[in-house]
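Student: I've got a structure open and would like to go through it with you. Can we look at it together?
Tutor: Yes, put it up.

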2 protein chains.
Amino acid sequence: MNLSPLLQELISALRALPGVGPKSAQRMALHLLERDRRGALSLSVALEQAVENIGECRRCRNLSEREICAVCEDGTRDASVICVLESPVDLMAVEQTGGFNGVYFVLKGHLSPIDGIGPEELGLEQLFARVDQGNVSELILATNPTVEGEATAHYIAEQLQQSSVNITRIAHGVPVGGELEFVDGGTLAHAFAGRRSLKRSADV
Amino acid sequence: MNLSPLLQELISALRALPGVGPKSAQRMALHLLERDRRGALSLSVALEQAVENIGECRRCRNLSEREICAVCEDGTRDASVICVLESPVDLMAVEQTGGFNGVYFVLKGHLSPIDGIGPEELGLEQLFARVDQGNVSELILATNPTVEGEATAHYIAEQLQQSSVNITRIAHGVPVGGELEFVDGGTLAHAFAGRRSLKRSADV
């Protein structure tokens, strides 16, 4: 095909985006060139700026352009409650609920010996050191409810068995707004096992 | 939410892409930063290069980084057959079939008096001048089969009624691989009106 080489380059560069195949890349490139050249330029600048300046927070390993991220630096947040997550996407999801006021620790993955990902790659030493310093009251393990996520949560809980810190796991159960009929067996079993009393001041 | 400002900027810049909402933009930004920083940088460069260098071909109005695009310059193509299209995307679609060996003329839109788009905006003067020069044998009107596309094709045919050039319209009918059952009435009517004889050397 007799395409302009720069256009061809743009189309193939757009395929670096997740979920963008050849057809969408073509549509995106033409849209930008025909209707939104200003948007294309801002995107170019934003990409360069982000790649060059965004590293990771030294304390929680979240994406941040400063050494210590905004969440870790925020004095109004309870630094004694640490939520342990697998990735920055999960952190965003939790932040967007607006319901959590502690701080985070991002593992950037989960234990996966087959891929060579052990405790070291997940920064667990750093997490354990923070717990050892003694200012942590609770560690909320919010890794994904997958086999690897569960294994990672288990490993962390195991390692901190001797410490005085409270270790909790987020609840698994029926999603709000879901229907029992469509929930899988494993989730239902978790929902029953994790049932709570509705009588005041009493838990099953 | 306590997001890194550069990350936030990147997410909103990604929304310039067609079909990308806030969730996809977030996923794209995190994917690039966590897994494909090199891809992000190439995309940044490709965007800048494309926006700065790609203009339109002086002859056919297609996107091109040179004054005359590769198709118009290609000596092996039949410059006497001009395919008139609404947009560069359509041109790409036709080029990808590999079955057309003429040249193109891109209108970059269709007649739409309500939006202030008349013959001038579509470069029709330029097209008619090219026909008047006398080296054109056929003009294939391949505007979209929409009301505006049909009106545009009609207008062009009307204006060139006096010239000796052959003016054709692409066939409308049942898409190859489609099923009659699911084809709308208008298309079916076109398919019947445009039927062709299967006997050798005879058309209905």
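Student: Which residues of H5(A) and H2(B) meet?
Tutor: From H5(A) there are Pro88(A), Val89(A), Met92(A) and Gln96(A), and from H2(B) there are Lys23(B), Gln26(B), Leu30(B) and Glu34(B). Keep in mind that this is a predicted model.

Student: How do the residues of that contact divide into nonpolar, polar and charged?
Tutor: The contact of H5(A) with H2(B) has 4 nonpolar, 2 polar and 2 charged residues.

Student: And at what angle do H5(A) and H2(B) pack?
Tutor: The angle is about 145 degrees, and the axes of H5(A) and H2(B) are 10 Å apart.

Student: Zooming out, how many residues of chain B and chain A are in contact?
Tutor: On chain B there are 53 residues in contact, and they touch 54 residues of chain A. The area buried between the two chains is about 5200 Å², with carbon and sulfur atoms giving 72% of that area.

Student: How many salt bridges does the rule find across the interface of chain B and chain A?
Tutor: The rule finds 0 salt bridges there. For polar contacts, the count between chain B and chain A is 11 residue pairs, both residues being at pLDDT 80 or more.

Student: Which elements supply the side of chain B that touches chain A?
Tutor: Helices H1 (5-14), H2 (22-35), H3 (37-53), H4 (70-73) and H5 (88-97) of chain B, along with strand S2 (63-64) of chain B, each supply at least two residues. H3(B) gives the most, with 14 residues.

Student: What's the nonpolar, polar and charged split on that side of chain B?
Tutor: The residues of chain B that touch chain A divide into 31 nonpolar, 11 polar and 11 charged.

Student: New topic, the sheet in chain A. In what order do the strands run?
Tutor: The order is S4-S3-S5-S6 in chain A, an open sheet of 4 strands with parallel pairing. Strands S4 (102-106) and S6 (166-169) of chain A are at the edges with a single partner strand each, so one side of each has no neighbour in the sheet. From one strand to the next, the twist averages 25 degrees.

Student: How many bridges are there between S3 and S4 of chain A?
Tutor: Strand S3 (residues 78-85) of chain A pairs with S4(A) over 5 bridges, in the parallel sense. One bridge has Leu85(A) partnered with Val106(A) in S4(A).

Student: What packs on that sheet?
Tutor: Helix H5 (residues 88-97) of chain A does, touching S3 and S4 of chain A, with its direction at about 160 degrees to that of S4(A). Helix H6 (residues 124-132) of chain A also packs on the sheet. H6(A) touches S3, S4 and strand S5 (138-141) of chain A, and its direction makes about 150 degrees with that of S4(A).

Student: What is the strand order in the sheet of chain B?
Tutor: Chain B has 4 strands in an open sheet, ordered S4-S3-S5-S6, and the pairing is parallel. The edge strands are S4 (102-106) and S6 (166-169) of chain B, each pairing on one side only.

Student: Over how many bridges do S5 and S6 of chain B pair?
Tutor: Strand S5 (residues 138-141) of chain B pairs with S6(B) over 4 bridges in the parallel sense. Within that pairing, Glu138(B) stands opposite Asn166(B).

Student: Back to salt bridges, how many are there over all chains?
Tutor: By the rule used, the count is 10. Among them is Glu56(B) with Lys108(B), whose closest N and O atoms are 3.1 Å apart.

Student: Why does that pair tie together parts that are apart in sequence?
Tutor: Glu56(B) sits in strand S1 (residues 55-56) of chain B, while Lys108(B) is in the loop between S4 and helix H6 (124-132) of chain B, so the parts it ties together are 52 residues apart in sequence.

Key. Residues are numbered from 1 along each chain as its sequence is written. Chains are lettered from A and ligands numbered from 1 in the order in which they are written. This is a predicted model: local features need pLDDT of at least 70, side-chain atom pairs count only at pLDDT 80 or more; totals for chains, interfaces and linings use all residues. Side-chain values use heavy atoms; hydrogens and water are left out. Two strands pair if DSSP finds at least two bridges between them. Axes are lines fitted to C-alpha atoms, for helices over the stretch in contact, and angles run from 0 to 180 degrees between N-to-C directions. Contact means heavy atoms within 4.5 Å. Buried area is the accessible area (1.4 Å probe) that two parts lose on being put together, summed over both. A salt bridge is a side-chain nitrogen of Lys or Arg within 4 Å of a carboxyl oxygen of Asp or Glu. A polar contact is a pair of N or O atoms within 3.5 Å; within protein, one must be able to donate a hydrogen and the other to accept it, and residues adjacent in sequence count only if both atoms are side-chain atoms. Ala, Val, Leu, Ile, Met, Phe, Trp, Tyr, Cys and Pro count as nonpolar, Asp, Glu, Lys and Arg as charged, and the others, Gly among them, as polar.
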